[in-house]
Every structure is written in structure tokens, then in C-alpha cells.
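Welcome, and take a moment to get your bearings before we start. Have the sequence and the 3D view open side by side, and we will walk through them together.

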Amino acid sequence: MKKIIITISALFPCLCFAGLISLEDSELQKINGQAGVTLETDGHFTIAELAYTDDGNTLQLENIEQGSQADISQNSLHTQVVDIAADGRLQIRSTLAPTALQIGAVRINNSAASFGQFRLNYSAESYLTLGATTDSDNYVEGSYQTAISDAELIWTTNGNSLSFDDIGYNADISRLAISSATDGSRTGLGISLDEFSYRFSTGGMKLGDISLGTLDASLAISGNAEIYAGGRDGSEGLSVNADMIILDDPDNYVRYTDDGNSLFMGDFNGDLKLTNFTFDVMTDHLLLGYDELSGSFNANRILIGDSSNPVGSVQLDFLFADGNGYQNRFALYPGIVLPDYSALPTAAIQNYATDFYSGLDDSSDGLSAALQWNLANAEAAYIDDGRMVVVSGIESYGSGNLTLDVRSFDHDGNTATADKTAIALGLSQVSGSYSIDGLRVGNKNSPLQGGAELLLSLEVFQTMDFNLNGYTLITAGGVSGGGIQLDGDYFFTDSNIGLSVDENGRGVWATGVDYDIHLRGLQVDVSSTGISMNRTEQWSTMDIDNMRWGDRDSGTSLGRVVLERFEKGSSLTINPGGSGAVCVGGSGGDETSCAAAGGRWEDRGDEGMTVALKAAFEPEGYTSDGSLARNRLTWENNRSVDASGNPQSGSGTQIIFDGFSTNDGLGPADSNDYGFQANLKIDVYETKVAKKFTGTDDNGVYGEQGDELIYDDDSRTSYTYVASPTDAEQLLRPLGFAVQGNVSFKDFQIDQVQLSHPSGGAQTVFSGIVMQNMDITTNLTATPIR
Amino acid sequence: MTKYLPLTVLLSGLFSSFPALAELQLLDDSALGNVEGEGIGLVLEDFAFEAGEDVANGNRLDISGITNKDGDDVVLSISQFYIAGAGSNQGADVIGNPVNLGRLLYPYNIELVDGDEIGIDGRAVFEFASPARFTGSSSKAYSLLGYNTESRTESRFPGQATASGERIDSISAIDTSVLSSRDSELADIGVRFDLEVDSVRAQSLQAHASGVAVDGSSLRLWGADNQMVSNINLNLYIQDLTVFACDADGNNCGADVNLQNFVLESQLGYGEEQPVTFEVEADGNFTVEVGSIEGKTTAFYNDFYTQGPRTDIYIDKVMVGDADFGSATVANLQIQYLRATSRDL
Amino acid sequence: MKKTIITLLSFLSVSAIAMEPMSADDMGMVTGQGGVYLSGDLTINENGGPLNVDGPSAWQASCDTATADAVCGARIAVNTGDNAGSSGWFVLDNIRGRFSFEGLTLKTRTINSGFEGDGAAFNSDVLEVGLPNSLEYESVSLTVANSSSARPTDANFQQTNIFTLNINGQANLQGNLLVYPTGTP
């Protein structure tokens, strides 16, 4: 029994270390029946407090109760049949009748606040065999199967619950071994699991009683763990080294299902290596951390909604390790640690924060965390019909605070309707940074290229350092029943965004950016065709203090740019499948008619992605917060500077594109259903890159103007210029993004264009610009170049 | 249907091909480290442009929807247009013969100007300017034209107070050191128009200019009384301009009209004292107006006379075929009021 | 190990953890850049626009590549007056056509030499737009007009078409457009 628990603890180290010790220290069960054949335990127990003490600090699990699921004050039955097999192996078969286990509170050193209440309802069957070792280093070897059914895990804070219903859990470990382990001077326990197949499903993640959707997964893994005494702080605590391999099994999958439609990731494999993961109990928090976490992950089948149309493959490699002055550490505090409001950057943020935490105090339940991370490197590859693009050299670091609780929330701003239960996620004083070195195309070892600017169309910036405060409420119920709704307010302050940056950090920068985003009723749904995000209402202001050319801090500036937005009923959908076969530069439905029309026929395959965006820009009006919002673009320069030489917003001359909005054709008073629409069908494809001038290029390769760049071989490292590439050579054209796009709107109005002077005020130059009936189709290929 | 086509073409040509104008804030060499004036600089590096000459295959820009007085459809085509470096041989050698338009230190520039600094108080002024001009050695700052002057006293508006000042008497020299564009940065620009009347391609007119600079030109726009107001400054220098007409196939061309050292220095509008407005009336006709200077003060007229907007045109040498017609000068042209309105559209 | 703990404690001591701002050289880790090469085409209203499909009746039409129906194109109206009763609108109407290009490049570039000596004095960064070698126009057309009101659906709408531009053919280009800030912000 004890060893089983150790086994599980290796899988869920943080949950179980406390459990491990507690079980040792406690008389858990009253045993009936006869040892050696059958053990029947019919039990109910309560424990006022289980404590784990580490260097004088105590983690306390309070008011623990186990009993029958129907009535926790009644007994539940646990049957164990113990047998010896013909080969001498010990066999233990366990059956647990529907049981409930509840933990009333989890505190540290008698903290006023708790991590909340936990309750697990479950019934289980398990089968353990233990026998002689085949390796002299092992203490014991065996196999283990377990099946948990009809389980429910409930987390409750301050009277509101998040639950995982109908959990089914099956694990089958064909070989497990327990041995001694050494790590330099330390000696600990080694656990290895071979061909561990693992499957779980949950009937519903529920908030209150409303489902967010269901989750299920199946994995085949092998793993090893070494557990040592002594954490990162003081002499006590725990540390763990572990590695895990997700076996290359086509049956591996993870699936999220919303109303019968799924996000699915299958046929995947990978590995994970964790070095010196530590667990310590500190005076007011748990401290978790690790020296290094590295891994890789390859998913060969990804479906979004449409089960017949895969999107392509994804490969991810990553390394978290100390660096940039940051480590990977997680301090977990019981309860809600309220932010220091006065330290928040602006009065507006202080107001939103105060509002978000109103009703909570130092004794409120929940989880708070102070996080610090350093992602030393990551490579993310996307493969579309066999063609690979790698976003290379992703680095990130930073730190910040997080709170998590479950609460009730007026999700629709209507007091007449019932409140919903929400997960409340607060982020404060998050300061971080990330950067992307560039792209590699063709394979992971091909030379690094520019072109990360191409990700701008997906609102991914090449590099950014940011300060973020953000408050999110997650409720159940998208547009079509299940799904997820987000309501949130986010504030980026004094952030710097690199829009196009070279290896020396020079390029085009948006610096001193304050960006506040307000989302109301963002509903995420999976449908039979894809995934959609419908925004009931959104308003935002992006205030760029300087658009700089060159260095981030000292580059010359174009001045200040402010973009205000106000939208209702905007949406974003992502569907599988790119453009398929297209005629570029002409009109034609097949290869022959396309060529006849002067076009170039390209069959870009079945995979790829289609992104459909609709922005319904609203005329100036009031938001659901009561603030006045509009769509407006302002460019300001000639600003005067303060004593420290910083330009002062509003002190210069401005050009203002004021009050732009969309409508359905009759003017701003008309409906606004169509909005501004953009549909982008995105593939990775061979692209024609022609030499722009006769002569040698930056890499010393000669070519005539108009010759095509063709790689010498699949490694895509060296190339020549070819006048008329053969079919085989055409396959060695550079890979790039092929985008078939359509942009359309019925009616787009700019109320006025003004020029504003700091003392003379604003004067209208154009008292109206109206654009109507626009439909622009593009076939573009965008290729990163060196 | 009669239309005021030439005016329209002129205006659209003005806006599309010649960026724009006004006296420039000057950048002299000492100020380079810390460039005054803020905005977006634009430079065309190693630039050449040619829109083909393949008229028979429809490779052209047609302006249609126009009829002559007999009701025949008239189509004006631009069948060739090029910009290249010197020695383009009237558009025969364009690609591979590039030119830099604008210098890094003296680019084409888009910016918002504080009106307080240019005599348009309390306004933010949008300016699109070509490369700057230097002060130069001429009698008038930033002017290419060196001239002999005479003192005169004239009325600037009928029945209003007179003003006195120096006027151009004759042109004595051309000072190209005023241009920020260096000799290698003067462009060759050419265009061929074809005229089609009632579906019959009638004739072509070709113009080839070499040594072209538009330095010191600008367009300024701002709002006053919540409508758009502008000032325009067009400065054009062409070392050699050849114009000739041919038949529809481009053959049997007539004699060349050749202009050498053509200088146009033209200013339209004087801040808000003499605004230039473009507006469509409620009846669908459009109006271009250069504001009237009637009823101003004597001080204004004196200022307007000496500092106000003025147009001077000088051609060093005019030749038709082999005949030399000498030089031509139009100087001291000042507009008191101009209103052009389309009719019967 | 001890150092780690000290670092960690200093990090945790503020409890709600105030972050020090990123230092200036934190971002120096971006490497490898070359820019982007773009080719393709852009077609305006090949089969009409969205108002032709289900817009107000004044707009509805069956539009295909061959139709010359003036409502099949896009429309832009601009008012330079005060938008009171006396002012009308400049209009570019019935905008249609296809542009194709090959080899438009975008990248950032530091210039500190060349340009007959200007480069060294300039010593700054520019956004370089490499112009495509060729630009093809196919059935590009638009009508220049004046109009009494912005939308054809407005009351008492009147419009006068002045002329129509049709462009077909190919332009050859070479060179780079350099874009950069010119001064104090």
C-alpha cells in the first residue's frame, strides 16, 4: 500500500509529498478480515489536521474526511484480495466502492486563508503484482493496473466550485521498479515505469453546474524518477529528478470536446527531463522550483472541429533553465494575496484591480502565486503537407503574481439574470520579455532567416518586453451551449514592441507602449468547421509613445501614435485547410485555364489554416462600463519635452482620423452586421523568388536578374540562381507563407480627419470619408530572406 | 456636354506627379546631426520606372468618358511614362539606368508642421515636401533665378492701396547650387500621350525632359473654419525639354520644340490671408479658389507685394526645329483672386 | 545553492514581488534578420463587392468580370468642405482591377556609408521597401466624379462623372523606397 502511494506520488509529486508523510503518521483504517487472503475495509474517518513540517514550517491539511460518496459520514468499502502467484509474485487486487474524500482546508503555519476546499468522489479497481527483481539495483519490481471510474474532483473557494465530473482514469504500468538512487552525495529512492499507458476522460469541466466542455486523453509513456530528501531551502524538503518519454504511439491523443465538436491532438510523442525539482514549505508559502526542464513534443495529427481535415503537424522543443538573471520558481500562497494597489502603474488599473478583488480579503480562500520563469530557448515548428517552418530561438523570462479563485459573477451585466460561477484569474505586476530570433524553413537545421514580421498578421510580435496587469473571469457557455466565455481587462504599461528587429536589436520599435484592452463576453466555441472567438464587446487604447527606427532606446522617432478601438460583435474563426489549389496572377479554375489567363497554378495541398476575422467598428458611443469609446487613430509630433527630456503627450501637433466605423451600407445609423472582414487562407509552400538585379548577392552568389533562387538540396543551406528551373528544381524553391486573402467591407466611414494644434485646437480638414462596396482578393507569397 | 477637362487634368497631374510645394524649412549642412522638422522621410534609391510602350496590346492608361463638341468619344491615353537617370535617350534606356530621388539628408518629407513656425498661427499643418533648396546666391532666397531688379509701386487689387517694392526686371543667371539634388540626382522624365477621337487613334504627343528637379516644392494642407485649406509651392527645373508630335503610330514626327534651362517657381496661396480651397458644391460642380485679397490693409499689400506668393517662369532658350527663338520670361505674376468652377457637368 | 536561495529570498521578500524594469541590454538577444520577399496579386471587386450581394437595392447587381455595371466597383467619397448643406463630395467610383507584382521586399537596414558621402553623416536605420521588378495592371479602372452626397442611397443623390481611367499593361521598376523618421518626435 505504501509503495503504491509512492508510485502515484512520483506522478503527482506536489500533491502527494504531503500525503505520503501523513499516511505514514496516521492510523487510516480499521482492518477487518484475514490478512493473507482478503482484506475488507469498511471505513469512515475524519482527521482534524494532517501536518507536514519542513525546517519548522508546517503545511496543514485540515478537516479531512473519508466516507461513502452518498453520505460522507457513512462508511465506504475497500476490498483487497491478496494472493501469491505460481511464480511467487505477490498479487493484490483492490476494489474501492464509491467513496468521497474531502479536505476542508489547506493552510501553511495556520494561515487565515486556505488554498480552498477539495473533494474527490471516486470508485476504483486496481491490480498490483510485485516480485523478484531482474536487476540487482532494484528493491522490487512489478506491474500495476488501476481503473478509477465515476470520479468527480471539486475545488471550492469561498462557497463557489469548479468541478471535473465523470472522471474515468485508467493506468496500466507493465513494469515498475523501485531502487536506490544516487545523485552525487545524496542517496534516494529511484522509481522507473516502463510502457505506462494512461487514459483519462472527464464528462465535464463544470463551473457551478454549467459545462465548459469535456476533456479526454490517452498516452503511452515510460519514465524514471529519483526522489531525495532535502529541498532548496533549509535542510528538509524534497527534491526530484525525473525524465519521461511519451512513446511514439499513433494512438496517443488529447481531446477537448465542446457540444460534440473537438479540438484534437493525436499521434504524438515526446520527452521531458526535469532536473532538481524541489519542494519546500516556507513561512507563508510552498516553494517549488527546478534547475532545468527540457523536452520535445511532436504532434502529427491536429484537428480543429472538422474531423476530416487535419491542420498539419506541430513540433516543439524547449529548455527552461536559469538565465538572464531569472530562475524557474513558483511560490504558492494559500488564499488570495491582494496586490499592493498603490504600486500599480495607473489610477485606472488601481480601480479595475480594486473592483476585481472587492469582497475578498486576507482570509479569503484561493490560490496565489509569485512566479519567476526563464525559457532559455524554444523552437516551434509547423509542418503543412510536409513543408516545415520553424519559429526559431524563442526566449522568454519574467516574473509576476497570480491569484486564482472561484466566485460568482454577473456575466451579462444584467442583474435580472442569475449570476454564473466564474474562475477568477488575476495577474499583477507581471514583467516579462520574449523574443524570436527568426525563421528556419525546410528543416530545423536550415539557416536562420528573417521574416518573423510575417507573424505580425497573427498579432505575434517579434520581440516584446512588457509590464502587465490583467483581470480575467472565465465562465462556462459559449455561443453554442458549451464553450468558454472570457471577460477581462488587461493593461500593458511602458512596454516595448519590436516589429522588425535585426540581430543587433536595430529595426522598427514601438516603445513606451501603454495598451489597455477590455473584453466583454468573448466566447470561445468549437464547431464542426473550426474554432471561433466571438467578441460581444471590446474596446482598447494603444498609446505608442514613440515609433522608433534603429535602436530601441535611442533610435529616431516618428512621434506618438495612438490607436483607439471600439467594436461590438467582432469575431475570429480559425478553420482547418488552406487555400488548396489556386491560380496566382490570373483567373482560372484549372491548370490549363489559369496558364491561359497568364496565371501560375499552385496546388498547396489539403493542410494549412484559414483565419477569418470580422471587425465591426462601432460609431462613438458608451461602453458597458459607461466610458465613452470610439475608433480613432492619432499621429502626434512636435511634442515639447519635460525636464528629463521626455516628450509630453498632447503637447504637439496631431493628425486625427476620428470616428471610423463600419455599417451595412446606409451610414452609421444602419445595422453593423457585416463589419470589416478578412479571410486569410494560409499555407506553407514553395515560392518563386527571383533575383532582382544581375550580379552577386549578399552571400556572394551570382545570378542574372529574374533568375530563380533554387536550393542545391534538401538541407537548404546553399543555393544557386537558375534561369528556368526544372520540375525537380522547383521543389527546391524557398519555402514561404502562401496567403490567399480576401478583405471586404460594405461601408467604412471616417467621420472626420482633423489637424490639431496645441494652442489653436483641432480643425477639420476632411469632414467625411466614405468607402463602400470593397472586395479585395489577394494571392500573396511571403518568403523570409537572408 | 462640355467639361473643364484641361483644368482637371492639370490638377490631377499636379497632385499625382509633382508632390508639392511651399517655402521649405531649410536644412543646411550644419544642422544635419539634429534634423529639424519631424516627419517621415522618403527616398527612392537607384530608382527607375517605365510603363511600357506597347500601345497596340493595350499597354496604356486611358482617360475616357469625355466627348468633344461633336459628341464623339475622346480617349486620352498615356502610353509611355518613364523616370530614369541621365542619358535615358528619350526613354529607350530606363531599367538599368537608375537615379536617386531625394537624398538621405534631404528626402521627400511628410510631416505635421506647427503653424506657429510658418506664419499660420494656431494651426497644425500637414506638409508633403520635396527635397529642400539652399539659400543660394540669387537675389531671392532659395530661387534659381539671378535677376536684375527695379523698384516699382503698384496696386495689388483694383481700387486698393498701392504697394512698393523690388520687381524682377530681367533674368541674369541660373544658380543650380540652390538645389539639394546633385547633378547625378537629376532625373529624366518622359511621357507620350495618344489621342483617340471616335475610336480613331489620331496622333501622339511626346515630351521628354532631362535634368529634372522639383526641389523646394511643397503642398501644405490645414483646416480653417472646418474646411480644407491649402498652399502650394511648385518649383520645377528642367535642363532640357523636348516636345514633338507624331502620327498615331509614332512616325512622321513634326519638328522638335526644345526648351533649355526651364525654370518654374510658382506659389499659390499665402497662409490664411489667401487660402487655396478645393471643394465640391452641393450641385455636384467643383471649385478651386485662390482667395481674394480685396479689402486688406496697406501693410498687408506692402507685405504681399514683396513677400507674397508669386510665379516666375524663365526659359533660357526656346528652339523650334533649328530655329532659335531666344529666351522667354514671365515674372512677378501675383494672383489677386482666382475661382474656377466646373459647369454643366 | 546558497546563492540561489539568497536570490530567491530577495525575490520573494517583497511577497507580491515588484519587478525591476527590463534593463536596456536585455533585448540584445535577437539574432538573424533578413526581411521578407513578397509576390502575388491583388484584385479589387473582380466579382463585385458585398453591397452587390445583399446591400440596399440601389447597389444590387449581378457582377462578374465582364460586367461594366458602375455599381460593381468600390467607391470612395471625400468631403473637403465643412459638410454643411452647401458642400458636396469628391468621388472615386467603380474602382476595379487586378495588380500583380513579383519581388517586393521589406527589411530594415542601417545606412552608414555610401550615398556620395551622405550615408556616413546619416548613420541611421531605414525601412527599405524593395520595389518589384515588374508591376502588371489588368483592367484597372476607376471613375472620377463629383457627388452631392456621400452615398448613392442618400436622399436627393446626384452624381456627375468627370472621366474614367482605364489602365492595362505592365510597368517595369527598379530601386528601393527608403522610409525613416526625419527628426524630433
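What follows is a tour of chain B, then of the places where chains touch, and finally of the nonpolar cores.

Keep in mind from the outset that this is a predicted model. Chain B is a good place to see what that implies. Its mean pLDDT is 83, and 86% of its residues reach 70 or more. Confidence varies along the chain, though: strand β4(B), residues 99-101, has the highest mean at 96, while helix α1(B), residues 5-17, has the lowest at 30. The pLDDT stays below 50 over residues 1-37 of chain B, yet in the model this stretch has 64 contacts beyond near neighbours in sequence.

How is chain B built? It has two helices and 19 strands. Of its 345 residues, 43% are buried. If you take the contacts in chain B between residues at least 6 apart in sequence, 68% of them join residues at least 24 apart.

Now let us see where chain B meets chain C. Here 48 residues of chain C are in contact with 53 residues of chain B. On the chain C side, the elements that give two or more residues are β3 (89-111), α3 (118-122), β5 (134-147) and β6 (159-181). Which of them gives the most? That is β6(C), with 23 residues. By class, this side of chain C divides into 18 nonpolar, 27 polar and three charged residues. To picture the meeting in detail, look for strand β2(B), residues 60-67: five bridges join β2(B) to β6(C), and the two run antiparallel. One pair to find on screen is L61(B) with its bridge partner I167(C) in β6(C).

Chain C also touches chain A. In this interface, 89 residues of chain A are in contact with 72 residues of chain C. Strand β44(A), residues 769-784, gives the most to the chain A side, with 16 residues. That side of chain A holds 27 nonpolar, 42 polar and 20 charged residues. Strands pair across the chains here too: four bridges link β44(A) with strand β2(C), residues 74-78, in an antiparallel arrangement. Within β2(C), A77(C) is the residue that stands opposite V770(A).

Staying in chain A, turn to strand β36(A), residues 653-663. Is this strand mostly covered or mostly open? Ten of its eleven residues are buried, so to speak of it as mostly covered is fair. β36(A) pairs in the antiparallel sense with strand β35(A), residues 632-637, over six bridges. It also pairs in the antiparallel sense with strand β42(A), residues 735-757, over nine bridges. A handy residue for following both pairings is I656(A): in β36(A), I656(A) is the bridge partner of T634(A), and I656(A) also stands opposite Q754(A) in β42(A).

Last come the nonpolar cores. The largest has 208 residues, and those with the most contacts inside it are V389(A), I83(B), V125(B), A187(B) and W222(B). Try centring your view on A187(B). Leaving aside neighbours within four places in sequence, A187(B) is in contact with I83(B), A84(B), V99(B), L101(B) and V212(B). There is also a second, separate core of 21 residues, which includes M205(A), L212(A), I423(A) and I474(A).

Conventions
Residues numbered from 1 in each chain as written. Chains lettered and ligands numbered in written order. Predicted model: local features only at pLDDT ≥ 70, side-chain atom pairs only at ≥ 80, totals over all residues. Contact = placed C-beta atoms within 7 Å. Nonpolar A, V, L, I, M, F, W, Y, C, P; charged D, E, K, R; others polar. Pairing = 2+ DSSP bridges. Buried ≥ 20, exposed ≤ 12 C-beta atoms within 10 Å, placed from the backbone. Core = buried A, V, L, I, M, F, W, Y, C linked by C-beta atoms within 7 Å. pLDDT = per-residue confidence, 0-100.
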